[in-house]
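Hi there,

I promised to send this one over, and here it is. Have a look first, and my notes follow underneath.

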Amino acid sequence: MRKKVNWILDADIRGFFDNLSHEWMVKFIEHRIADRRVLRLIQKWLRAGVSEEGKWSKTEVGTPQGAVASPLLANIYLHYGFDLWVQHWRKHHATGDVIVVRYADDIVVGFEHRANAERFVQEWKERLQKFGLELHPDKTRLIEFGRHAAENRKQRDEDKPEVFNFLGFTHMCGKTRKTGRFIVKRKTIPKRLSAKLAELKEELRRRWHQPVAEVGKWLKSVVQGYFNYHAVPGNMDSLNSFRSQVIWRWYRALRRRSQQDSITWERLKSLVDRWIPSAKILHPHPNVRFDARYLR
């Protein structure tokens, strides 16, 4: 079933991993875990502290971002601090459709009515304060988005609908070429693409003296892994850009490892055909696979 979404809340919790309350965390965990030994172990981990440049400092709030257990504990924290509350709010206070998508501390909420969205933001701020958290005032935005956004903004002599970033993609209002039906276009965030290419360049430098076949096998896994996540409908330009940049960087690396400059484009083409996967869409459109059938 399709939901009526006209407004998007692109939310950012300020310093989420750094400000988790240990007291609330333990209370939440106790709802699911009765074994006192496990609880003591988690509490010891939370109080383990941080070592920077040989100096140890005590941690009274937060969990180390990037640590193995942090995503798990963050999901427990937000399950009780956000998920259960938002389900109750949607059932008892919302007057239109409300959808929620959360991945760890990355949250996007869609609303049918602006009044619902504004009320939700205010009440959510109050909810977060109870657990020692707050929304980032500069990174949290309420934007007009959806099938009527472009027309409504045009009537008000405003620019095109704003976009928002979520889970590595920039989401935009768009239309299909054939029918003009509204769709949500997704494109790899340019900064993420550039960062991945910079990381690949450094790794290629470290692998300069490895056999070509070994490097080719590694590049194949990198490119295929990138496509496995980013190959969504409408993102072909980003896929082709990534693949072309990988090939170019490999070519330059092959040239630099040999002073005789023996690598040619013909030789490179045979290597690319063997090792670098072609760009193609691997995921179906959201209405085929998901399309908001499953509510949080």
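Two strands count as paired if DSSP finds at least two bridges between them. By that rule β1 and β6 are partners, antiparallel and joined by four bridges. Please keep in mind as you read that this is a predicted model.

First, some overall numbers. The protein has 10 helices and nine strands, and its C-alpha trace spans about 70 × 60 × 30 Å along the principal axes. Of the 296 residues, 40% are buried. Among contacts between residues at least 6 apart in sequence, 64% join residues at least 24 apart.

Now to the sheet that β1 and β6 belong to. It is an open sheet of four strands in the order β4-β5-β1-β6, with antiparallel pairing. At its edges lie β4 (98-103) and β6 (141-144), each of which pairs on one side only. From one strand to the next, the twist averages 15°.

Strand β1 (residues 7-11) is a good place to start, since five of its five residues are buried. Both of its faces are covered, with Trp7, Leu9 and Ala11 on one side and Ile8 and Asp10 on the other. Leu9 has a partner in each neighbouring strand: it stands opposite Leu142 in β6, and its bridge partner in β5 is Val109. The antiparallel pairing of β1 with β5 has five bridges.

On the other side of β5 (residues 106-111), six bridges link it to β4, again in the antiparallel sense. Here Ile99 stands opposite Gly110 of β5. Helix α3 (residues 70-92) packs on the sheet, where it touches β4 and β5, and its direction makes about 175° with that of β4.

The loop between β4 and β5 holds Ala104, which has a positive phi of about 55° although it is not a glycine. Is Ala104 buried or exposed? Its relative accessibility is 18%, so Ala104 counts as buried, the cut-off being under 20%. Asp157 also has a positive phi, near 55°, and is likewise not a glycine. Asp157 sits in the loop between α5 (149-155) and β7 (164-166). At 72% relative accessibility, Asp157 counts as exposed, because exposed means over 50%.

On to the helices. How do α3 and α4 (residues 114-130) meet? Their axes come within 12 Å and cross at roughly 145°, and the crossing is right-handed. From α3, the contact involves Tyr80, Gly81, Phe82, Trp85, Val86 and Trp89, which meet Asn116, Arg119, Phe120, Glu123, Trp124 and Arg127 of α4. These residues divide into seven nonpolar, two polar and three charged.

Finally, helix α8 (residues 236-256) offers a simple check on geometry. At 1.5 Å a residue, its 21 residues should span 30 Å, and the end C-alpha atoms are 30 Å apart, so the two agree. The buried residues of α8 are Ser238, Leu239, Phe242, Arg243, Val246, Ile247, Trp250, Tyr251, Ala253 and Leu254. An α-helix has 3.6 residues a turn, so residues three or four places apart point the same way. Among the elements that cover the buried residues of α8 are β9 (182-188), α6 (190-206), α7 (212-230) and α9 (265-275).

Happy browsing, and do write back with any questions.

Best wishes

Note on methods. Residues numbered from 1 in each chain as written. Predicted model: local features only at pLDDT ≥ 70, side-chain atom pairs only at ≥ 80, totals over all residues. Heavy atoms only, no water. Helix = DSSP H or I, 4+ residues; strand = E, 2+ residues; numbered from the N terminus. Expected span 1.5 Å × (residues − 1). Buried < 20%, exposed > 50% of the residue type's maximum accessible area, 1.4 Å probe, protein only. Contact = heavy atoms within 4.5 Å. Axes fitted to C-alpha atoms, helices over the stretch in contact; angles between N-to-C directions. Left-handed = near helix turned anticlockwise from the far one by under 90°. Nonpolar A, V, L, I, M, F, W, Y, C, P; charged D, E, K, R; others polar.
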